[in-house]
Amino acid sequence: MTARSLPDFVERDVDLAARTTLALPGRAAYFAELKSTAQLAMLAREPALRTMRRFVIGAGSNLVLTGDFDGLVMKVAIGGRQLVEENDDAWVVRVGAGEDWHQLVMWTLAQGWPGLENLALIPGTVGAAPIQNIGAYGLEMADRLLSLESVDTLTGKPVPLDHAGCRFGYRDSVFKQQGWHLDGQRLITHVSLRLPRRWQARTRYAELAAELERRQLASPSARQIAEAVIAIRRRKLPDPATLPNAGSFFHNPRVSGSLAERLATAHPELPRYPQPDGSVKLAAAWLIERSGWKGRDLGRVGMYERQALVLVNRGGAHGAEVIALARAVQADVSQCFGVELTPEPIFL
């Protein structure tokens, strides 16, 4: 492929470390920052680009680089946020996939539109939120998403999805089920969210309830809930700008009711969250801490001393070191409790 055949927004041999929050070394053979759907259509018309491996990133906050990527990395930078519908039941907001998630949360609250407050300060972009079905403190993306717009990156054709089409599950969606988050075949361009007028505070999550009680807020507003969530997250999660990390590194595991009962008998203090399907969600951070990994390092990576669920890069680490630590934590949790942990980030 000659240099002149590339669209002017496509770069060659780009360092990805600064574009990910774990700051691991890795380079992309080709890199395109996409600010419009027209640019996506241009990529689809480039035969050489269409045939190579591709991968989509947002803020790079849920990504482990394991080395160089000999293909095209597409960074979603499509902006814009607007109220597109208002009725007696809800406000509907359409947002560009490249918008910062936390800034969106705070913007909706500033407009007087509650509904996203429990998801404040989650790192990443709006477009990444449905893929992972982000969730925190009793709320998930699936609770608010109305629909989304995506593009088939091979053909450039739009592929809209309604809520049912997203096939949401716990930290899961059709994008993960179909492997689109790995092969870059689908790219989300816009997300439409439904924010309820008949808003009800979600404050049952124990950690959030305790923070609101400490603040003496018996009937908190949406803004007050967001402020409480932000305070909790800032206390226990490191800033990637000063200590590189990818946020929560493992899913909270779901186990059978029988295994949960056995674990509860042996460990009454283990946090447990019964699910509608009869399974029980366990706190991965508790399992990791009790397995001896909180604040413990393995080479240049470790599990954060304030939150055992967060894997941090102490400086100069490589992807292989992250993999080694993740496997060691998984092995010890399995040996101690018979529970298998699954990493949240994507390994590239």
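Modeller: Buried means under 20% relative accessible area, exposed means over 50%, and partly exposed lies in between. The model is predicted.

Biologist: Is I232 buried or exposed?

Modeller: I232 lies in helix 9. Its relative accessibility is 1%. The cut-off for burial is under 20%. I232 therefore counts as buried.

Biologist: Which residues is I232 in contact with, leaving aside its neighbours within four places in sequence?

Modeller: G315 is 83 residues from I232 along the chain, and their C-alpha atoms are separated by 25 Å. The contacts of I232, with neighbours within four places left aside, are Y137, E207, L208 and E211.

Biologist: Which elements are included in what covers the buried residues of helix 3?

Modeller: Helix 3 spans residues 101-110, and 8 of its 10 residues are buried, so the rest of the structure largely encloses it. The buried residues are W101, H102, L104, V105, M106, W107, T108 and L109. Their cover includes strand 6 (81-86), strand 7 (90-96), helix 4 (128-132), strand 12 (186-196) and helix 9.

Biologist: Helix 9 comes up again there. Which residues are closest to the centre of the second largest pocket?

Modeller: That pocket holds about 440 Å³ of space. It is lined by 19 residues. Helix 9 (222-236) and strand 13 each supply at least two residues of the lining. Closest to the centre are L121, P123, P238, D239 and P240.

Biologist: How do the residues of the lining of the second largest pocket divide into nonpolar, polar and charged? And what is the number of each?

Modeller: Proline counts as nonpolar and aspartate as charged. P123, P238, P240 and D239 are among the residues closest to the centre. The full lining divides into 9 nonpolar, 6 polar and 4 charged.

Biologist: L121 is one of those closest to the centre. What value is its phi near?

Modeller: L121 sits in the loop between helix 3 and helix 4. With 23% relative accessibility, L121 counts as partly exposed. Most residues other than glycine have a negative phi. L121 has a positive phi, near 65°.

Biologist: Is Q216 exposed or buried?

Modeller: Q216 lies in the loop between helix 8 (206-214) and helix 9. Q216 is not a glycine, yet its phi is positive, about 60°. Its relative accessible area is 72%. The cut-off for this class is over 50%, so Q216 is exposed.

Biologist: Now the sheets. Which strands stand at the edges of the sheet with the order 13-19-18-17?

Modeller: This sheet is open and has 4 strands, with antiparallel pairing. An edge strand has a single partner strand, so one of its sides is left without a neighbour in the sheet. Those strands are strand 13 (245-248) and strand 17 (297-298).

Biologist: About what angle does the direction of helix 12 make with that of strand 18?

Modeller: Strand 18 (residues 301-303) pairs with strand 19 (residues 310-313) over 3 bridges, in the antiparallel sense. G302 faces V312 of strand 19 across this pairing. Helix 12 (residues 319-337) packs on the sheet and touches strand 17, strand 18 and strand 19. Its direction and that of strand 18 make an angle of about 30°.

Biologist: Which residues does S291 touch, not counting those up to four places away in sequence?

Modeller: S291 is placed in the loop between helix 11 (284-290) and strand 17. With a relative accessible area of 10%, S291 is buried. Beyond four places in sequence, S291 touches D332, V333, C336 and F337.

Biologist: Which residue of strand 5 does V56 stand opposite?

Modeller: Strand 3 and strand 5 belong to an open sheet of 4 strands, in the order 1-2-5-3 with mixed pairing. Strand 1 (10-15) and strand 3 (54-57) are at the edges, so each has one side left without a neighbour in the sheet. Strand 3 pairs with strand 5 (residues 69-76) in the parallel sense, over 4 bridges. The residue opposite V56 is M74.

Biologist: At about what angle does helix 1 run to strand 2?

Modeller: Helix 1 (residues 37-44) lies across strand 1, strand 2 (27-34) and strand 5. Its angle to strand 2 is about 135°.

Biologist: In the hairpin of strand 10 and strand 11, which residue takes a positive phi?

Modeller: Strand 10 (residues 145-152) runs antiparallel to strand 12, joined by 7 bridges. Strand 10 also pairs with strand 11 (residues 158-162) over 5 bridges, in the antiparallel sense, and L148 stands opposite L161. The hairpin has 5 residues between the strands. The residue with a positive phi, near 80°, is G156.

Conventions
Residues numbered from 1 in each chain as written. Predicted model: local features only at pLDDT ≥ 70, side-chain atom pairs only at ≥ 80, totals over all residues. Heavy atoms only, no water. Pairing = 2+ DSSP bridges. Contact = heavy atoms within 4.5 Å. Axes fitted to C-alpha atoms, helices over the stretch in contact; angles between N-to-C directions. 1 Å grid on protein atoms, 1.4 Å probe; cavity = no way out; pocket = protein on both sides within 12 Å on 5 of 7 lines; lining within 4 Å. Points joined across faces, edges and corners; volume = space filled by probe spheres on them. Buried < 20%, exposed > 50% of the residue type's maximum accessible area, 1.4 Å probe, protein only.
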